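Work through the exercises below with the sequence and the model in view. Try each task before you read its solution.

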Amino acid sequence: MSRENMSEFYAAVCAEHEIEINPHVLHVLEKTTGTDVTIELRGNNRPRDVQRLDDGDVLALSKCLRNHTSVTVLFVSTGLDVSYNNITDEGVGHLVDLLQEDSSSLRSLDLMFNDIRRDGAEVLAKSLQCNSTLLSLRLSNNKIENSGAMHLASMLQVNSTLRELELAHCDLDTQSVIAFSIVLKSNQTLRSVDISRPLLFSHQEEWAVHVSEMLAVNSSLVELHLGKMEMTDTGMERLTGGLRLNGSLRYLDLRCNRVTRDGVRHLADLLKKNRTLEVVDLSSNWIEDEGGVYLSEAVAWPGCVLRELSVSGNNIRTAGLLSLAHALTVNTTLNHVYIWGNHLEEPVCQAFGELIASGRLPPEQTDVSAYEADGRVFLAEVFHSLRRRYYGTNSFGTDTCPADEAAGHDSSFTPHVESRRHVSLQSS
């Protein structure tokens with residue numbers, strides 16, 4: 001199938017249904033050819049101004065991809081990214097036609113930052129009950145609310161294909177969070193789940209009990225995002241109770257919660273014994289010096305397998321950060337450490353500057369960079385951070401974790417680092 005044929009077919013579909021041609025869609029279809037590709041129609045494309053897709057554009061795109069004689073060639077191990085657009089429930093109705101086709105091999109669907117509500121989530125859930133190809137569904141920042149999330153949770157009872165589900169900032173509530181936890185006790189297919197920032201009005205943290213019970217029996221989940229859950233030390237204690245019985249989770253995202261030194265002590269005790277958890281994101285909590293010392297003891301503990309740790313924005317001062325720096329001289333596996341947003345006094349600047357200069361902490365694997373001024377050492381912020389997605393979907397099942405690859409183990413976990421440029425300075 002040539003690029004001209006595909007773009008011409010799209011123009012013909014638009015003419016047939018009296019839909020105005022979207023220049024962004026036409027441009028992308030002209031540039032996209034071959035197999036193993038993702039059609040990227042993001043509405044936040046920075047290099048060039050784009051016309052965001054609406055429901056009419058989705059209708060034309062869906063018919064174009066379904067009816068073209070060579071569409072099956074295009075859709076071998078491919079994905080569709082229509083995030084950051086103006087797609088509503090009506091547009092979702094057009095997109096699910098791609099999932100219901102017998103010949104469909106659509107593997108990933110990114111619908112983040114659209115205007116999809118409860119009805120759209122219900123339509124998606126029904127279509128996925130009988131779909132056997134889609135591996136990744138991203139719906140974050142669509143207000144599907146509790147009822148929409150409940151439909152998706154019910155879908156997971158019968159779907160045995162989906163491996164990645166993102167529902168962050170979707171206004172889930174306690175009921176739907178608990179429902180997902182219950183379903184994941186029996187669903188052994190999902191590997192990555194993001195339910196960050198639900199709307200939880202109870203201070204009892206009932207959800208943490210159910211998530212803990214799920215982790216105690218689930219053997220497939222590799223990545224779990226629990227950011228902005230208002231989790232306290234009590235929730236952390238409950239969560240680590242289930243993690244002690246878990247043997248699969250490798251990435252735990254606990255950023256932007258209310259965990260203090262007492263809660264992180266439970267996590268530190270877990271890390272001393274756990275042999276699978278490799279990445280922990282504790283950024284924007286409040287663990288302070290005592291929490292930093294607890295984590296440092298776990299990092300220095302013989303057999304600790306932690307590879308990446310973020311404690312940025314935790315009100316940690318000199319004692320806690322120096323303890324962590326010393327732990328890095330003992331530990332040989334932890335090679336990504338993020339500390340910006342704490343109190344970086346000169347002894348801390350010197351210690352981490354030496355770790356970076358010696359090569360123990362690679363410059364691209366931390367969020368600080370040392371420099372000297374007037375005979376003193378300071379740290380500048382470097383915009384490196386833990387990427388929010390560690391579960392690899394680029395090749396849908398062929399990606400590996402570096403540690404497992406070296407050991408000859410199969411895995412679906414691939415660490416990444418997000419990099420930008422230096423902009424901030426911090427000193428004593």
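Buried means under 20% relative accessible area, exposed means over 50%, and partly exposed lies in between (1.4 Å probe, protein chains only). Helices (H or I, at least four residues) and strands (E, at least two) are DSSP runs, numbered from the N terminus. The model is predicted: local features need pLDDT of at least 70, side-chain atom pairs count only at pLDDT 80 or more, and totals for chains, interfaces and linings use all residues. Residues are numbered from 1 along each chain as its sequence is written, and side-chain values use heavy atoms, without hydrogens and water.

**Exercise 1.** Find out why strand E3 is largely enclosed by the rest of the structure.

Solution. Take residues 106-110, which form E3. Of these 5 residues, 4 are buried, so the rest of the structure largely encloses the strand.

**Exercise 2.** Determine which strands pair with E3, and in what sense.

Solution. Two strands pair if DSSP finds at least two bridges between them. Start with E2, residues 78-81: E2 and E3 are parallel, over 4 bridges. Here Asp 81 stands opposite Asp 110. Next take E4, residues 136-138: 3 bridges join E4 to E3, and the two run parallel. Here Asp 110 stands opposite Arg 138.

Now follow the chain from E3 through helix H6 (residues 118-128) to E4: this β-α-β crossover is right-handed. That is, with the strands pointing away from the viewer, the path from the first strand over the helix to the second runs clockwise.

**Exercise 3.** Locate Phe 113 and describe its phi.

Solution. Look in the loop between E3 and H6 for Phe 113. Its phi is near 55°, a positive value in a residue other than glycine. Phe 113 is partly exposed, at 33% relative accessible area.

**Exercise 4.** Trace the salt bridges of Asp 81 and Asp 110.

Solution. A salt bridge is a side-chain nitrogen of Lys or Arg within 4 Å of a carboxyl oxygen of Asp or Glu. The structure holds 16 of them. Asp 81 pairs with Arg 42, with the closest N and O atoms 3.1 Å apart. This pair links distant parts of the chain, 39 residues apart. Asp 81 is buried at 9% relative accessibility, while Arg 42 is partly exposed at 31%.

Asp 110 pairs with Arg 138, with the closest N and O atoms 3.9 Å apart. Asp 110 lies in E3 and Arg 138 in E4, so the pair ties together parts 28 residues apart in sequence. Both residues are buried. Shared partners join Asp 110, Arg 138, Glu 164 and Glu 166 into one network of salt bridges.
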